[in-house]
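Reader: I've got a new model open and I'd like to learn how to read its backbone. Can you walk me through it?

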Protein chains: 2
Amino acid sequence: MSNECVQLAHGSGGKLSHDLIKDVMWPAFANEILGEMNDGAQLHISGCRLAFSTDSYVVKPLFFPGGDIGKLAVCGTVNDVAMNGALPLYLSAGFVLEEGFPIADLQRIVASMQQAAKEAGVHIVTGDTKVVEKGAVDGIYINTAGIGKIMDNVHISGKNALPGQNIILSGYLGEHSLAVMGERHGLQFPQSVCSDCAPLNGLVEAMLTAVPKVAVLRDPTRGGLATTLNEIALQSGVGIMLEETHIPISSAVQAACDILGFDPLYLANEGKMIVFVEPESTNQVLDIMQQHVYGSEARVIGTVVKEPRGQVGLRTRIGGVRLLDMLVGDQLPRIC
Amino acid sequence: MSNECVQLAHGSGGKLSHDLIKDVMWPAFANEILGEMNDGAQLHISGCRLAFSTDSYVVKPLFFPGGDIGKLAVCGTVNDVAMNGALPLYLSAGFVLEEGFPIADLQRIVASMQQAAKEAGVHIVTGDTKVVEKGAVDGIYINTAGIGKIMDNVHISGKNALPGQNIILSGYLGEHSLAVMGERHGLQFPQSVCSDCAPLNGLVEAMLTAVPKVAVLRDPTRGGLATTLNEIALQSGVGIMLEETHIPISSAVQAACDILGFDPLYLANEGKMIVFVEPESTNQVLDIMQQHVYGSEARVIGTVVKEPRGQVGLRTRIGGVRLLDMLVGDQLPRIC
C-alpha cells in the first residue's frame, strides 16, 4: 500500500476506508480500546465509564436544506457518543478557516452549532481556531470531539450482535446525502428532500433508561445502512438478513435515487440509528422509539442470523436474496 | 465585525485571535467552563476531575528539523491537557487528507504520532479520516483532542496569578518557529535550529507530585512567551515584570532572529512551559524541573506584580522597561 496515494474513496466510510484503517492506522496505533472498533472509544477513568469520539466535518456546500456544517458538527459527534450508550456532556470544536472566509458565515455557523448543542443539552467547552492562506482549505472545516457518560448497566458494542436479535431502524433512509447532493449540484428533485441531521441522544436516553440491555447501537452515516450493518456483522461474526419491504424509504428519496442511479441503502444519514435488541424487548423498544420525534417511523427491518457469518443479505420484494457488500468507491464525497 | 473576512492573523494566537474569540465564538458558546479561558476545559463528571483540550494542526511543511505534523499533533494536545495539572490519558485523532496524498507520508506521520504517544504514555483510542478532492486541503491537517485526569490537590488556572509569585520558564525560546520557518523557506541559519517539540506531561507530573500548589501552568505556543503572559495578566488582573537578562535565548535563535527581524519573545514554542509559583516553593520546583530532560534549563524569568494590571513589562539590559503587548499580526502563519 505504501506506493499508493490517498483516493477520495479512502474517505467514503466504505471498503477503502476500512482498508486504510486496517493497513495504516491500526498497525501504528494498535491498542485494545481502538480495537473495539465502535463509533468512538469506551474509557474507564477512576471508576467513571466514559465515551469519547471525534469527527472532522468537510461537507460541501456549507449550507444545505435541513442543516449546515455547524449543526452537522455538533449532531454527528453527539450521535457517535450516544451510540456507545452514553449521555453526551461536553464537546470540543476545532476550526480550520480559509483566509478571506466571511465572518458573517462563521457567525451563522457557530450560531447553528450552539442551537444544536442546546437541543442536545451539551456544552462546547474548549476549542481552537487555525487560519490558513487562501486556497489551503475549502472555506471551513470543523472538528468536534465529544465526551459522554455511559449509562448504568448499559454495555453497547458492535460485537454484541447474536442470532435471533431483531434489528430496528429509527426512520427513513437517504435524506442527508440527497439534500447535500441536490444543493451542491443545483438539482431539482421530483419532491424536495431535507437532511435528517438531528441529535439522537434524547432518543437513546429514553430507550436505554427503559431497556438497558440493548445489544448494539450504530448510526448509519457514511457508507449508509448496508455498510454499517456489514461492519457489525464482521465485528460480531454473525449474518444479517434484512427484509426489503420493511426498510423505510420515502417516495421523495426513492424518486431522486431512481433519477440519479443511487442506492438508498448506501446513502449517508445523520439522524437515524440502528438498534439490535432481543425479541422479548423488541416491542417495548419500538414503543418508546415511536413516541420520540426522531424515532416516530421506527420499525424492525431484519434479524441477526447465524450464517453466512460476516455477511448482510436482503430478502427482496420478489423473494430472492441479494447480498449487500460494503460500499465500494464513493458515490458522494464530502457528504459530512 | 460581521462585514469582515477572516485574516491570517485571526489564527496567530495574538490580538486578532482574541478578538475573534471574544466577538464571534464567545457570544455563541458562552458557558462557565469555556469562560475560564485556560488551555482546555476542566470538567467534573461523576466525581472525576478531567481536563479536555483540542487543537488542529496545519503546520507547513509537514516535516521539519526536530519533528513533523504527527509528533506536533500528539505533543501539542498532550501539553495542553498537562497545563491543566492533569495526567493525559487518551487522544482522538481526526485526519483531513487531500486526494493524491502519498500513503507513505501518511504512514510516516502516524508512526511519528505513535512514537510521541508512547513517550507521553497516552493512547490514541478513536479517530476519523476524511478525504477531500485535490486542492481542497493542503496535503494533510490533523486534529487531536485529549482527555486527562487532573491530579489530586492540584488547582491550576490562568486566574491564579498573584503578586509576589515567581515566573519560571522551562528552557530556551523560539526554536520551533525558526525550525519550521527555516525548512519552509530553505533558509540557512548561522547555526542550525531544531524544533523543541516534546511532551511535557512527565515534567508536569514530577513537579506537581512534589509541589501540588503551583498556581499557573501554560505553554507559550502561538504568540510566544509575550502573548501567553499577557493572557495570564489579563485573566488574573495582575502585572508581570520580566528580566530580559534572565530569559534563555540560544545564540542560534538570537542570530536567526537578528537576520530575520523576529522577536524571540513572540515566537511559538512546542516543548516549553511557564510556571507561576510562590517564592517559598520556587527552589524546590526549579530543582525538580532542572533534573528533567525537558526542564534542564529552567530558570526564574520574572515576577508577578500588582501594577500595571493586565500588562507585561520587560526590564531591559540597560535598565529601562519595555511594555510587551500581545502579538499583533502574524509573523509566521501555519507554525503549528
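Author: Sure, start with the vocabulary: helices (H or I, at least four residues) and strands (E, at least two) are DSSP runs, numbered from the N terminus. This is a predicted model, where local features need pLDDT of at least 70, side-chain atom pairs count only at pLDDT 80 or more, and totals for chains, interfaces and linings use all residues. Residues are numbered from 1 along each chain as its sequence is written, chains are lettered from A and ligands numbered from 1 in the order in which they are written, and side-chain values use heavy atoms, with hydrogens and water left out.

Reader: Okay, where is Arg334(B)?

Author: You'll find Arg334(B) in the segment after strand S14 (321–324) of chain B.

Reader: And what should I look for in phi there?

Author: Most residues other than glycine have a negative phi, and most peptide bonds are trans. Arg334(B) isn't a glycine, yet its phi is positive, about 55 degrees.

Reader: Is Arg334(B) buried or exposed?

Author: Buried means under 20% relative accessible area, exposed over 50%, partly exposed in between (1.4 Å probe, protein chains only). At 6%, Arg334(B) is buried.

Reader: Which residue of chain A has a positive phi although it is not a glycine?

Author: Met37(A) does, with a phi of about 55 degrees. Look in the loop between helix H1 (15–29) and strand S1 (41–45) of chain A. Met37(A) has a relative accessible area of 52%, so it counts as exposed.

Reader: What about the peptide bond from Lys60(B) to Pro61(B)?

Author: That one is cis, with omega near 0 degrees. Pro61(B) sits in the loop between strands S2 (48–57) and S3 (63–64) of chain B. In chain A, a cis bond joins Lys60(A) and Pro61(A), with omega about 5 degrees.
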